[in-house]
Amino acid sequence: MPTRVLALLSALIMLLIVPASASAAPKKVALKFSATTYSVAENAGTFNVTVVRSGNTSAAASVAYSDNGTGTATGGGTHYSFTGGTLNFAAGETSKTFPVTIVDDGTANAPNKTIVFKLANATPAGAQIKTPTAAVTIIDNEGPGTLDFGSAAYTVVESAGAATVTVNRAGASNLKLSVDYAT
């Protein structure tokens with residue numbers, strides 16, 4: 001019995017002497033896009049894509065960002081312009097952004113266009129990229145717009161002779177649009 005008590009006391013003393021932080025493995029730096037998908041109106045101008053850092057925030061960290069080339073939008077000023085680079089996080093910083101200039105080309109682009117960005121080359125050693133890609137959808141503002149009935153059902157008195165059915169248009173009011181109708 002005295003041997004057990006002595007072993008228990010030794011273990012308790014060791015717990016008091018060795019600080020908890022020394023016995024725990026340090027957290028790794030984790031980097032990711034704040035969302036896996038974003039959307040932006042074509043006439044928005046500049047859109048900022050956000051990258052966040054978690055885990056070990058006590059040291060500096062960095063991550064490279066670029067266009068991965070798999071989106072449907074055309075860069076170089078056709079649908080957007082962008083220059084890849086590196087985001088540098090100082091100790092304690094948990095969020096950074098990089099700008100993308102969205103070009104309002106004045107033509108109807110159906111369907112909407114996408115840009116896919118990627119993260120790579122994270123530092124310090126052992127840093128993890130949790131969300132390596134994110135897509136930005138450029139929502140076309142020129143058309144074709146949408147047409148919908150003003151109501152799902154209409155009621156009219158039989159003796160009225162005629163019923164008024166409302167059709168609403170959303171978006172692209174700068175373009176001529178028509179629709180056929182029948183009963």
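Begin by selecting Ala 41 together with Ile 139, which stands opposite Ala 41 in S10. This contact belongs to the pairing of S2 with S10, two parallel strands joined by 5 bridges. Here strands are DSSP runs of E, at least two residues long, numbered from the N terminus, and two strands pair if DSSP finds at least two bridges between them.

The model is a predicted one, in which local features need pLDDT of at least 70 and side-chain atom pairs count only at pLDDT 80 or more, while totals for chains, interfaces and linings use all residues. Residues are numbered from 1 along each chain as its sequence is written, and side-chain values use heavy atoms, with hydrogens and water left out.

**The sheet around S8**

Next, display the whole sheet to which S2 and S10 belong: an open sheet of 5 strands in the order S2-S10-S8-S4-S6, with mixed pairing. Its edge strands are S2 (37-41) and S6 (85-89), each of which pairs on one side only. On average, neighbouring strands of this sheet are turned by 25 degrees against each other, direction ignored; the axes behind this angle are lines fitted to C-alpha atoms, and angles in general run from 0 to 180 degrees between N-to-C directions.

Then select S8 (residues 113-123). S8 and S10 (residues 133-139) run antiparallel and are joined by 6 bridges. Within this pairing, Thr 133 in S10 is the bridge partner of Lys 118. S8 also runs antiparallel to S4 (residues 61-67), with 5 bridges between S4 and S8. To locate that pairing, select Ala 64, which stands opposite Ala 120 in S8.

**The aromatic residues**

Now show the aromatic side chains. The structure holds 6 aromatic pairs, where rings of Phe, Tyr and Trp (its six-membered ring) pair if their centres lie within 6.5 Å, and planes under 30 degrees apart count as stacked, over 60 as edge-to-face and the rest as tilted. One of these pairs is that of Tyr 65 and Phe 98, stacked at 4.1 Å centre to centre with 10 degrees between the planes. The pair links distant parts of the chain, since Tyr 65 lies in S4 and Phe 98 lies in S7 (residues 95-102), 33 residues apart. Both Tyr 65 and Phe 98 are buried (under 20% relative accessible area; exposed is over 50% and partly exposed in between, with a 1.4 Å probe and protein chains only). Extend the selection to Phe 82 and Phe 117, which form one aromatic cluster with Tyr 65 and Phe 98.

**The sheet around S7**

From Phe 98, follow S7 into another open sheet of 5 strands, ordered S5-S7-S3-S1-S9 with mixed pairing. S5 (80-81) and S9 (128-131) stand at its edges with a single partner strand each, so one side of each is left without a neighbour in the sheet. S3 (residues 46-55) and S7 run antiparallel, joined by 7 bridges. Select Asn 48 to find Pro 99 of S7 opposite.

**A salt bridge and a loop**

Move to Lys 96 and Glu 93, whose side chains meet in a salt bridge of 3.4 Å, N to O. A search of the whole structure finds 1 salt bridge, defined as a side-chain nitrogen of Lys or Arg within 4 Å of a carboxyl oxygen of Asp or Glu. Lys 96 is partly exposed, at 23% relative accessible area, and Glu 93 is partly exposed at 28%.

Finish at Asn 141, in the loop between S10 and S11 (146-149). Asn 141 is partly exposed, with a relative accessible area of 25%. Measure from its C-alpha to that of Ala 108: these residues are 33 apart in sequence and 7.5 Å apart in space.

Technical notes: Helices (H or I, at least four residues) and strands (E, at least two) are DSSP runs, numbered from the N terminus.
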